[in-house]
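Let's take a walk through this protein together. Have the sequence and the 3D view open as you read.

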Amino acid sequence: MATTVDLIPLPAKVEWDGTSGPFTGRVRTSLDPSLAAEAYRLTVSPEGAEITGGDDAGVFWGSQTIRQLRGLDAFRRAPIEQEPVTVPYLTVEDAPRFAWRGLMLDVARHFLPKDDVLRYIDLLAVHKLNVLHLHLTDDQGWRVEIERYPRLAEVGAWRRRTRMGWGDPPMWDERPHGGFYTRDDLREIVAYAAERHVTVVPEIDLPGHTQAAIAAYPWLGNADVVDTGALEVKTDWGINPHVLAPTAAVVSFFEDVLEEVLDVFPSRFVHIGGDECVKDQWRRSPTAQARIRELGVAGEDGMQSWMIRHFDRWLADRGRRLIGWDEILEGGLADGAAVMCWRWYRGGVAAAKAGHDVVMCPQQEVYLDHVQDPGPDEPVPFGWVHTLQDVYRFEPVPPSLAGTPHAASVIGAQANLWSEVTENRARVDYQVFPRLAAFAEVAWSALPAPGERDVAGFERRMDCAHYARLDALGVGYRPPSGPRPWQRRPGVPGRMHGKPRRPWHTA
């Protein structure tokens, strides 16, 4: 039987006198505008359950709490228990700490079929997470159908082989890899997510991370310094020198692309990437240099800033808001843009102090492609070690912002899964869970400072109830004891980073 402390994420306030009994299955719902957005009040009694929400989302999150109280059958596709379920008769008052509680899935490096994306929307909903950030384009693949430019899917969605892991000498999977979502696929994903109060935020990366697009349409690249017609969709990993040419024609091309993206995705925010744009080709390109002089911008960095500002205004004119990785701060940023901070906390702190909305997702804390344990059996070790306990101690608001008016600019947090070495659903599950459960509690619940958090209590709730829920959902998570034999990948090389210092001491 579930108890109050078995709930994940942890509710704000629970009152329970220890009384339990059968659940009738009857659920009454209502709205109370005095409650905050996404907040709910839940009462479970012998007569059934009553959920009062601040809005429809609040009612939905209350239903997820009932689901946990009802036990494992509530997480199966069909019940297997015949006896009436016993639940605690209690009251819960709850509301999220942050408005943006997200997970990024990189479907560009390794394509995830539509059904796997829909499944992850269900998993987000279970954990009261409300944003799915889809990284749809990169050097290694273009995953969204654009009707005006069909070669983006015909050519850009496929690569001839794939690097396995990192390390030298490189290892290769010689099978072709690819796939893309049709516009109707994406409309289905958006609609399915909306029914579960999850917003899907699309990312179309520019001006870097664009080799797949250049392979489809070579004139998008810096053809005056590189033979762009010889480029293929990138087959390995790492930062890439092949970036978009900063011409008016290329800008117009991506306006066309984004017009179709906006037609499919109703989200307020649209992610345009903006990270890791290597400008060596611009420095060598007469065309790029002429464009810099034409616009009167301050060199290559000013050219990238101009492109970001252009698309910020372009999106704003259409009632949307631009969000990008923290490199978009370089060279100045338009007032309406939001920043997704991935490099420590410094960019996020600077953006918040400048009045920009910020989503915190530092790679040193919540990049789920990073290894979960220093042991030798971890599959394809990469990055820094982020244990379940480390993720539970993640704090989205750094000390330099805490207690100041700028803290309100941190609108949320996100965990990111880059997919260089997560080539299928099983690998995604292993990297994401159970750490996403810890992240969900950080994003939803008002927890103490990192050093004061009840890590043992969280682990107890995982052991007593939540791992079993994940089992019922069919999630192939990493067990607390370490990877199962079939989850290991012996022989596939990884690449670990040096141990970082903790950023909250200086951020």
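## The nonpolar cores

Which residues have the most contacts inside the largest nonpolar core? They are Leu105, Trp142, Leu152, Leu436 and Phe439, in a core of 123 residues. Helix α6, residues 248-264, gives this core its largest share, with nine residues. Set apart from it is another core of 19 residues, including Phe23, Ala49, Phe60 and Ala125. Please keep in mind that everything described here belongs to a predicted model.

Leu152 is a nice residue to click on. Once neighbours within four places in sequence are left aside, its contacts are Trp142, Ile146, Ala157, Ala213, Ala216, Tyr217, Phe253 and Val257. As a general background, nonpolar side chains in soluble globular proteins tend to be buried together.

## The annotated domain

An unreviewed UniProt entry lists residues 98-446 as "domain: Glycoside hydrolase family 20 catalytic". In the model, this span is 35% helix and 17% strand. The C-alpha atoms at the two ends of residues 98-446 lie 9 Å apart.

## A five-strand sheet and its helix

Now turn to the open sheet, where five strands run in the order β1-β5-β3-β4-β2 with mixed pairing. Why do β1 (13-22) and β2 (27-31) each have one side without a neighbour in the sheet? Both stand at the edges and have a single partner strand each, so one side of each is left free of a neighbouring strand. From one strand to the next, the twist averages 15 degrees.

The pairing of β2 with strand β4, residues 48-53, is parallel and extends over five bridges. Here you can find Leu31 opposite Gly53 of β4. Packed on the sheet is helix α1, residues 56-70, which touches β2, β3 (40-45), β4 and β5 (86-94). The direction of α1 makes about 35 degrees with that of β3.

## The kinked helix α15

Where is helix α15, residues 455-473, kinked? The kink is centred on Asp463 and amounts to about 50 degrees. Just after α15 comes Gly474, with a positive phi near 80 degrees.

The buried residues of α15 are Val455, Gly457, Phe458, Arg461, Met462, Ala465, His466, Tyr467, Arg469, Leu470 and Ala472. Two arginines, Arg461 and Arg469, are therefore on that list by the cut-off of under 20% relative accessible area. Among the elements covering the buried residues of α15 are α1, α12 (388-392) and α14 (435-444). Helix α1 thus appears twice in this tour, as it also packs on the sheet.

Technical notes: Residues numbered from 1 in each chain as written. Predicted model: local features only at pLDDT ≥ 70, side-chain atom pairs only at ≥ 80, totals over all residues. Heavy atoms only, no water. Core = buried A, V, L, I, M, F, W, Y, C linked by side-chain atoms within 4.5 Å. Buried < 20%, exposed > 50% of the residue type's maximum accessible area, 1.4 Å probe, protein only. Helix = DSSP H or I, 4+ residues; strand = E, 2+ residues; numbered from the N terminus. Contact = heavy atoms within 4.5 Å. UniProt positions renumbered as here; feature names shortened; annotations may be inferred. Pairing = 2+ DSSP bridges. Axes fitted to C-alpha atoms, helices over the stretch in contact; angles between N-to-C directions. Bend = angle between axes of the 7 residues up to and from the residue.
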